[in-house]
Amino acid sequence: MAGMMGLEGATVAAIAAMAVATYACRAGGYWLLRRLHPSRFLRAMLAALPGALFIAFVVPALAAGGAMQWAGAAATLAMVAATGNVALGIIAGTGTAWVVWALR
Amino acid sequence: MAETEPPAAAPPVIFTAAGIRHGMRRAAWLTIGMAPFGLAVGMLSERHGLSLAETVLMNALVFAGTSQIVALEHWSHPAPLIGPLVAAFAVNLRMALMGPVLAPWLDRLQGWRKLATLHLVVDHSFALSVLEMQRGGRDAGFLFGAGLALWLSWLAASTVGRLAGGVLALPAGHPLFFAALAAIVSLLVPLWRGRRDLLPWVVAGIVALLVARVAPGSSWYIIAGALAGSLAAGLRGGA
């Protein structure tokens, strides 16, 4: 197994199943909601959703992490707040995490 | 926000090559954060016996790193079917929340443009597009371009990881993998809309923490936190 160009039936089936499930997620929420005329309530909800989604992604990941993750996240936030540049934030955060990791 | 502009005066949503290029340029920097993540997925594919062709196929068609890692960690030979299917659905369900937010752009797209743009929705292209919408952007090509740049770099990084998998292996806790989380954290700063975000963000964080504790090992906490936080904003009223 694990040749270069080989395609195994079971593997292709698993990949296809993952692809269909993921596309259903990407398109499903949109198809379900597009028929609704968004009310004031729904508009306020959708406007707040992106930030809430990323907070819900980040907070438990940090809670499960250690000093490396906390220092890296703090450095990322500080750099983006100071420069407005997300790439510098990623570099500063990962660099800080690396320093903390090396110093352990 | 978009709510403040009179609907009749709003210029129509368009889909142009200039918009695609703009989105690609904006996403180019975020590919730095995605690259180590893509490498890790490629290495994991090698370790679990996927061929190069199978690795490329998975990364092109699924294009959702966390769900791929979850599925690959439980891979066996011959490949399982139900495990990867459930992993893809459970981990990627958060994407179902992104479509409705992007609806003002998606509604105006037809045919292949709509189908392809939906496939290219990931955390980063979603966040960049929301910011572009908040600035009054009306070119849906932006979403397509940002997603395309991330998709291409994802394919490149995961392919390199698959090829290098036997040669170099980073331990799971290596700080390079923190870049993926840093890429998400970095987007929080531009997404902050001021004090009105305090309530939804605090609610989202607390609910996500609680659900993560109750149901560890799934990613329901992301959906629960996002819905609770945005529900709090909706109940408070205003935009």
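Q: How many residue pairs are in polar contact between chain B and chain A, counting pairs with both at pLDDT 80 or more?
A: Keep in mind from the start that this is a predicted model. The two chains meet broadly in terms of residues, with 94 residues of chain B in contact with 68 residues of chain A. Salt bridges across this interface number zero by the rule. Polar contacts with both residues at pLDDT 80 or more, however, do occur between chain B and chain A, and the count is 15 residue pairs.

Q: How much area do chain B and chain A bury between them?
A: The size of an interface is often given as the accessible area lost when the parts come together. Here, 79% of the buried area lies on carbon and sulfur atoms. The total that chain B and chain A bury between them is about 7100 Å².

Q: Which helix gives the most to the side of chain B that touches chain A?
A: Let's look at chain B's side of the interface with chain A, where about 7100 Å² is buried between the two chains. One element of chain B contributes 13 residues to that side, the most of any. This element spans residues 178–191, and it is helix 10.

Q: Which element provides the largest share of the largest nonpolar core?
A: The largest nonpolar core has 95 residues, and those with the most contacts inside it include Leu53(A), Phe54(A), Trp75(B) and Leu187(B). The largest share of this core is 12 residues from a single element. Domain 1 (11–191) and domain 2 (193–239) of chain B each supply at least three residues too. The element with the largest share is helix 2 (residues 40–64) of chain A.

Q: Which residues of chain A are in contact with Leu187(B), leaving aside its neighbours within four places in sequence?
A: Leu187(B) is one of the residues with the most contacts inside the largest nonpolar core. Within chain B, its contacts beyond those neighbours are Leu30(B), His124(B), Ala127(B) and Leu128(B). On the chain A side, Leu187(B) is in contact with Phe54(A) and Val86(A).

Q: How much area do domain 1 of chain B and domain 2 of chain B bury between them?
A: The domain assignment gives chain B a domain 1 (11–191) and a domain 2 (193–239), with centres 23 Å apart over C-alpha atoms. Their contact takes eight residues from domain 1 and nine residues from domain 2. Between these domains there are zero salt bridges and one residue pair in polar contact, with both residues at pLDDT 80 or more. The area they bury between them is about 710 Å².

Q: Which residue is joined to Pro78(B) by a cis peptide bond?
A: Pro78(B) sits in the loop between helix 4 (65–73) and helix 5 of chain B. The cis peptide bond there has an omega of about 0 degrees. The partner joined to Pro78(B) is His77(B).

Q: Is Phe63(B) buried or exposed?
A: Phe63(B) is found in the loop between helix 3 (52–61) and helix 4 of chain B. Its phi is positive, about 50 degrees, although Phe63(B) is not a glycine. A residue counts as buried under 20% relative accessible area. Phe63(B) has 2% relative accessibility, so it is buried.

Q: How many residues apart are Asp123(B) and Arg94(B)?
A: These two residues form a salt bridge, with the closest N and O atoms 2.8 Å apart, and both are buried. Asp123(B) belongs to helix 8 (residues 123–134), while Arg94(B) is in the loop between helix 5 and helix 6 (98–106) of chain B. The pair links distant parts of the chain, and the separation is 29 residues.

Q: Which residue does Glu132(B) meet in a salt bridge?
A: Glu132(B) has its place in helix 8 of chain B. With a relative accessible area of 12%, Glu132(B) is buried, whereas its salt-bridge partner, at 52%, is exposed. The N to O distance in this salt bridge is 3.2 Å, and the partner is Arg135(B).

Q: What is the relative accessible area of Asp197(B)?
A: Asp197(B) forms a salt bridge with Arg193(B), where the closest N and O atoms are 2.8 Å apart. Arg193(B) is buried at 14%. Asp197(B) is buried as well, with a relative accessible area of 1%.

How values were computed
Residues numbered from 1 in each chain as written. Chains lettered and ligands numbered in written order. Predicted model: local features only at pLDDT ≥ 70, side-chain atom pairs only at ≥ 80, totals over all residues. Heavy atoms only, no water. Core = buried A, V, L, I, M, F, W, Y, C linked by side-chain atoms within 4.5 Å. Buried < 20%, exposed > 50% of the residue type's maximum accessible area, 1.4 Å probe, protein only. Helix = DSSP H or I, 4+ residues; strand = E, 2+ residues; numbered from the N terminus. Domains from an automatic or database assignment. Contact = heavy atoms within 4.5 Å. Buried area = accessible area lost by both parts, 1.4 Å probe. Salt bridge = Lys/Arg side-chain N within 4 Å of Asp/Glu carboxyl O. Polar contact = N/O pair within 3.5 Å; in protein donor to acceptor, adjacent residues only side chain to side chain.
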